[in-house]
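Trainee: I would like to take a close look at one part of this model and then follow its surroundings outward.

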Amino acid sequence: MTVRIGVIGVGMIGQDHIRRLSKVLAGGRVVAVADTDAARAREVAGGLGSARAHATGQEVIADPDVDAVLVCSWGPSHEDYVVAAIRAGKPVFCEKPLATTEAACLNIIEAEVAAGRRLVQVGFMRRYDDSYRAMKRTIDSGEIGAPLMMSSGHRNPSVPGHYTSDMAIVDTAVHDIDIARWLFDDEIAETLVIKPRQNSRGGELHDPLMMILRMRGGALVNVETSVNIDYGYDIRGEIVGETGTVTMAESNTVIVKSRGSFGGRVPEDWRERFMRAYDVELQEWLDACAAGEVRGPSSWDGYAATVATDAGLVALKSGGWATVTLRDKPTIYG
Ligand code: NAP
């Protein structure tokens with residue numbers, strides 16, 4: 001079965017997902033698109049041959065030829081599209097964040113609970129990365145005993161001028177937050193944000209930041225965000241368990257030894273580092289859609305991440321611990 005997909009928001013990640021759906025993956029075809037920039041939508045649809053450019057995202061969702069929806073517009077618009085797709089009974093892949101406020105996330109959860117089944121997958125692509133999956137398997141096998149602590153490093157060579165200290169938590173650390181919840185299979189209880197000496201390359205930006213997550217079970221996760229580190233895009237991860245550790249290996253496939261030293265390539269940016277994870281993520285979404293199922297990071301995961309980043313913003317301002325308070329988890333989320 002070919003899943004016919006409508007894409008809302010055809011900017012950077014929207015076009016990248018359309019490329020992978022059209023040229024890399026199997027089982028999906030983009031049949032409709034929309035964007036607030038109508039000319040961009042027409043251009044992208046034109047490049048796809050038979051795809052339609054609709055005037056609005058709501059028209060994409062209502063299009064009878066669209067089986068499943070991909071939301072890649074900017075964060076504050078996600079809620080309306082995701083709720084509309086749920087009400088139309090169509091599976092929806094929503095790029096992170098699920099929504100930008102706790103209330104918006106809860107609206108989505110309410111709509112899904114009313115539908116009586118999961119329809120939403122959130123774009124936390126790290127869960128599809130080979131390294132993180134191997135770390136998860138190691139923890140779940142019991143080989144290192146119960147996980148006690150994690151160090152998670154999220155390093156960017158540079159960020160655009162509009163990037164703020166809040167974005168280090170909401171846009172950057174959010175991926176570390178989701179992966180910590182997934183690896184530890186636990187919710188975050190509270191968070192603290194510490195400001196080390198500032199990197200002079202970041203101007204006024206609080207960079208780096210050290211965010212501490214205390215999980216409900218007591219484990220501690222420290223998340224380093226360094227967004228002006230120049231040398232490359234470097235994702236680090238190590239978990240200390242009761243009887244062993246599991247550490248993310250370097251992502252390059254060869255090590256070069258020459259003139260008394262050895263080395264390898266550091267990825268240039270997140271696209272290079274997580275290219276395969278994005279492919280696997282969308283392929284698994286397509287496969288699930290074709291099977292009439294929805295798997296992967298849920299609306300609950302999107303909600304929990306947004307509540308945690310909200311607490312992170314409070315902690316950044318106050319300098320103290322901020323509590324992460326979640327509603328009771330509806331049964332459809334397991
Ligand atoms: P982008 O390049 O700005 O693209 C967003 C597109 O959506 C633009 O064409 C924008 O049009 C359009 N748009 C904005 N509001 C809309 C609305 N209400 N209805 C329809 N279209 C709308 O942004 P991006 O970098 O692709 O990011 C898009 C989303 O993906 C964000 O939520 C972002 O956080 C997420 N993302 C996730 C990852 C990841 O690692 N998982 C990576 C990158 C991005 P205008 O330009 O006219 O505003």
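Where is the place of Pro160, between which strand and which helix?

Mentor: This is a predicted model, and what follows should be read in that light. Pro160 has its place in the loop that lies between strand 7 (147-155) and helix 7 (165-184). With a relative accessibility of 46%, Pro160 counts as partly exposed. Along the chain, Pro160 and Val227 are 67 residues apart, and their C-alpha atoms are separated by 9.9 Å.

The strand that comes before this loop leads into a sheet. Strand 7 belongs to an open sheet of seven strands, whose order is 12-11-7-10-9-8-15 and whose pairing is mixed. The edges of that sheet are formed by strand 12 (245-247) and strand 15 (322-323), each of which pairs on one side only. As general background, strands of a sheet pair through backbone hydrogen bonds, and they do so either parallel or antiparallel.

On one side of strand 7 comes strand 11, and the two run antiparallel, joined by eight bridges. Within that pairing, Arg155 stands opposite Asp234 in strand 11. Strand 11 (residues 234-241) is in turn joined to strand 12 by three bridges, again with the two strands running antiparallel. Here Glu238 has Thr247 of strand 12 as its bridge partner, while Val240 stands opposite Thr245 in strand 12. The connection between strand 11 and strand 12 is a hairpin that passes through three residues.

Two helices can be placed against these strands. Helix 9 (residues 299-318) lies across strand 8 (188-194), strand 9 (209-215) and strand 15, and runs at about 40 degrees to strand 8. For the other helix, it helps to return to the edge, where strand 11 and strand 12 are joined by three bridges. Helix 6 (residues 130-141) packs on the sheet there, touching strand 7, strand 11 and strand 12, and its direction makes about 5 degrees with that of strand 11.

Strand 7 also contributes to the surface. Met149 is found in strand 7, and Met149 is partly exposed because its relative accessible area is 43%. Together with Leu148, Leu220 and Trp321, Met149 makes a nonpolar surface patch of about 340 Å².

Charged pairs come next, and in general side chains of opposite charge can pair when their charged atoms come close. The structure holds 28 salt bridges. One of them joins the side chains of Glu187 and Arg181, at 2.8 Å from N to O, and both Glu187 and Arg181 are buried. Another is formed by Glu250 with Arg236, whose closest N and O atoms are 3.3 Å apart. Because Glu250 lies in the loop between strand 12 and strand 13 (256-258) whereas Arg236 lies in strand 11, this pair ties together parts that are 14 residues apart in sequence. Arg236 itself counts as partly exposed, at 28% relative accessibility.

A further salt bridge is that of Glu293 with Arg295, with the closest N and O atoms 2.7 Å apart. Both partners fall in the intermediate class of accessibility, since Glu293 is partly exposed at 38% and Arg295 is partly exposed at 41%. Elsewhere, salt bridges that share partners bring Arg4, Arg52, Asp63, Asp65 and Asp67 into one network.

That network leads on to strand 4 and the strands beside it. Strand 4 (residues 68-71) is covered on both faces, with Ala68 and Leu70 buried on one side and Val69 and Val71 buried on the other. Strand 1 (residues 3-8) pairs with strand 4 in the parallel sense over four bridges, and Ile8 stands opposite Val71 in that pairing. Strand 4 also pairs in the parallel sense with strand 5 (residues 92-94), here over three bridges, and Leu70 stands opposite Phe93 in strand 5.

To return to your question, Pro160 is to be found in the loop between strand 7 and helix 7, and strand 7 is joined antiparallel to strand 11 by eight bridges.

Notes. Residues are numbered from 1 along each chain as its sequence is written. This is a predicted model: local features need pLDDT of at least 70, side-chain atom pairs count only at pLDDT 80 or more; totals for chains, interfaces and linings use all residues. Side-chain values use heavy atoms; hydrogens and water are left out. Buried means under 20% relative accessible area, exposed over 50%, partly exposed in between (1.4 Å probe, protein chains only). Two strands pair if DSSP finds at least two bridges between them. Contact means heavy atoms within 4.5 Å. Axes are lines fitted to C-alpha atoms, for helices over the stretch in contact, and angles run from 0 to 180 degrees between N-to-C directions. Patches are made of residues with over 30% relative accessible area and no salt bridge: like charges are joined within 9 Å, nonpolar side chains (Val, Leu, Ile, Met, Phe, Trp, Tyr) within 5 Å. Accessible areas come from the Shrake-Rupley method with a 1.4 Å probe; for residues, only the protein chains shown count as cover. A salt bridge is a side-chain nitrogen of Lys or Arg within 4 Å of a carboxyl oxygen of Asp or Glu.
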